[in-house]
Amino acid sequence: MIEREGIASGTSFGNASTLADYGCLPIARPEIWRSMPSLLLSPDSPFVIDWKCLPRLSPWLMRFMGQCNATRFRANSEMLAQLLSHTYTDYQPLLDDAPAAAAMIQRKGCLYAYGKAENLQAAQGDIRLRDQLGIHQQVLTADELIALEPAMEGHTAGGVLFPSSCHLDDPQVFIDTLATPLREEGRIVSAEVTRLSRQAPACCWSTPMAGDSWRTEWCWQPGPGRQTWPASSATGFRWIPSVAITSNSISSTRRSTARPARWKAPST
Ligand SMILES: Cc1cc2nc3c(=O)[nH]c(=O)nc-3n(C[C@H](O)[C@H](O)[C@H](O)COP(=O)(O)OP(=O)(O)OC[C@H]3O[C@@H](n4cnc5c(N)ncnc54)[C@H](O)[C@@H]3O)c2cc1C
């Protein structure tokens, strides 16, 4: 794993901390067209745009708006539900290796509370769609919801409980703890990726040299029509700059590993 700043220094540093297998209804939905004026003009809007960036953002915004129709909403929901159905099973092998991280998962469910009856009514389409997608949910009356969360007394018309949802107190600490086995094995490289390139299938070995500022890379590419370096031979040798352009090229964890980094280039 190559990381330029530190584990969980990006978005994972401060997200909403939920393991949300129910979160399969995308933001790109047909109602966005109707809400656009208030999204753009209301001071309370969750949508903020830096107008200076509009020319650069426009292609993405157009693609986003192209997904805001009933057909794409349904198709994207189905795809997200399929992806999210792996939420817990895909975490499990990582959690098995990092029991301290497993202990941080709070298995208490998640509650959607609606303040007004008309909002709960408007959410019925979403509730039906989640049912069709096999999401585990329980629709609650106001009294049932208040029994679970007394602080909502007088503030809710009812809601939905997602019993299998989990949350974390601190996503950064969780991800950092999840990375413990990688750190112990010296598999975290502190460096910046500056370029990705496609290669023909090859077997490459790389060895840090000269205080990690440079490393040697050996590649072997089998088969006819191979792209090799140097071009005329089946094995190549070259000096290349370390993965990073920044000075902190390879971390001490990497240096501590006994075996040289070795990888197989992905086939194109
Ligand atoms: C407000 C908000 C709330 C959210 N809430 C939830 C939630 O409740 N539940 C949920 O499941 N998801 C949530 N998400 C989404 C979730 O946070 C992201 O999907 C997830 O954090 C992405 O993880 P990541 O590892 O792909 O990216 P990141 O956490 O951003 O990690 C990318 C890492 O790559 C490093 N990096 C970047 N460029 C380079 C480079 N060139 N070379 C080397 N390293 C580099 C960065 O330093 C960074 O550490 C939320 C997102 C937002 C914005």
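These legends accompany close-up views of a predicted model.

**View 1. The chain as a whole.**
The chain of this predicted model has 268 residues, and 14% of them count as buried. It contains 11 helices and 11 strands. Take the contacts with a separation of 6 or more: 72% of them link residues 24 or more positions apart.

**View 2. The shell around the ligand.**
The ligand has 15 residues around it. Those that come nearest are Gly-10, Thr-11, Ser-12, Asn-15 and Ala-16. Sorted by class, the shell holds seven polar, four nonpolar and four charged residues.

**View 3. Positive phi at Ala-8 and Ser-17.**
Most residues other than glycine have a negative phi. Ala-8 has a positive value, near 60°. Ser-17 is not a glycine either, and its phi is positive at about 65°. Ala-8 is in the loop between strand E1 (2-3) and E2. Ser-17 is found in the loop between E1 and E2 as well. Their surroundings are classed separately. Ala-8 is buried, with 21 other C-beta atoms within 10 Å. Ser-17 has 16 C-beta neighbours inside 10 Å, so it counts as partly exposed.

**View 4. Leu-19 in strand E2.**
Strand E2 spans residues 18-19 and includes Leu-19. Is Leu-19 buried or exposed? It is buried, because 20 other C-beta atoms lie within 10 Å, and the cut-off for a buried residue is 20 or more. Beyond its neighbours within four places in sequence, Leu-19 contacts Thr-87, Ser-165, Cys-166 and His-167. Cys-110 is 91 residues from Leu-19 in sequence. In space, the C-alpha atoms of Leu-19 and Cys-110 are 9.6 Å apart.

**View 5. Asp-21 in the loop after E2.**
Asp-21 sits in the loop between E2 and helix H1 (31-41). This charged residue is buried, with 20 other C-beta atoms within 10 Å. Which residues does Asp-21 contact, leaving aside neighbours within four places in sequence? They are Leu-84, Ser-85, Thr-87, Ser-164 and Ser-165. Asp-21 and His-86 are separated by 65 residues in sequence. Their C-alpha atoms are 8.2 Å apart. Two of the contacts listed for Asp-21, Thr-87 and Ser-165, are also listed for Leu-19.

**View 6. The largest nonpolar core.**
The largest nonpolar core has 12 residues in all. Its members are Tyr-22, Cys-24, Ala-81, Ala-113, Tyr-114, Leu-120, Ile-135, Leu-140, Leu-145, Val-160, Leu-161 and Phe-162. Two elements give two or more residues to this core: strand E3 (110-114) and strand E5 (158-162). Which element gives the most? E5 does, with three residues. One core member is Leu-161. Not counting residues up to four places away in sequence, Leu-161 touches Gly-109, Leu-111, Gln-137, Gln-138, Leu-140 and Leu-148.

**View 7. Strand E5 and its partners.**
Why is E5 described as largely enclosed by the rest of the structure? Five of its five residues are buried, so the rest of the structure largely encloses it. Both faces are covered. On one side, Gly-158, Val-160 and Phe-162 are buried. On the other, Gly-159 and Leu-161 are buried. E3 and E5 run antiparallel and are joined by five bridges. Strand E4 (residues 138-140) also runs antiparallel to E5, with three bridges between them. Gly-159 is a shared point in this pairing. Ala-113 stands opposite Gly-159, and so does Leu-140. Ala-113 and Leu-140 both belong to the largest nonpolar core.

**View 8. Helix H9 and what covers it.**
Helix H9 covers residues 171-178. Its buried residues are Phe-174, Thr-177 and Leu-178. Seen down the axis of H9, these buried residues fall within an arc of 100°, so they line one face of the helix. What covers the buried residues of H9? The cover includes helix H4 (87-97), helix H5 (99-102) and helix H10 (180-184).

Key:
Residues numbered from 1 in each chain as written. Predicted model: local features only at pLDDT ≥ 70, side-chain atom pairs only at ≥ 80, totals over all residues. Near = placed C-beta within 6 Å. Helix = DSSP H or I, 4+ residues; strand = E, 2+ residues; numbered from the N terminus. Arc of directions from axis to C-beta. Contact = placed C-beta atoms within 7 Å. Core = buried A, V, L, I, M, F, W, Y, C linked by C-beta atoms within 7 Å. Pairing = 2+ DSSP bridges.
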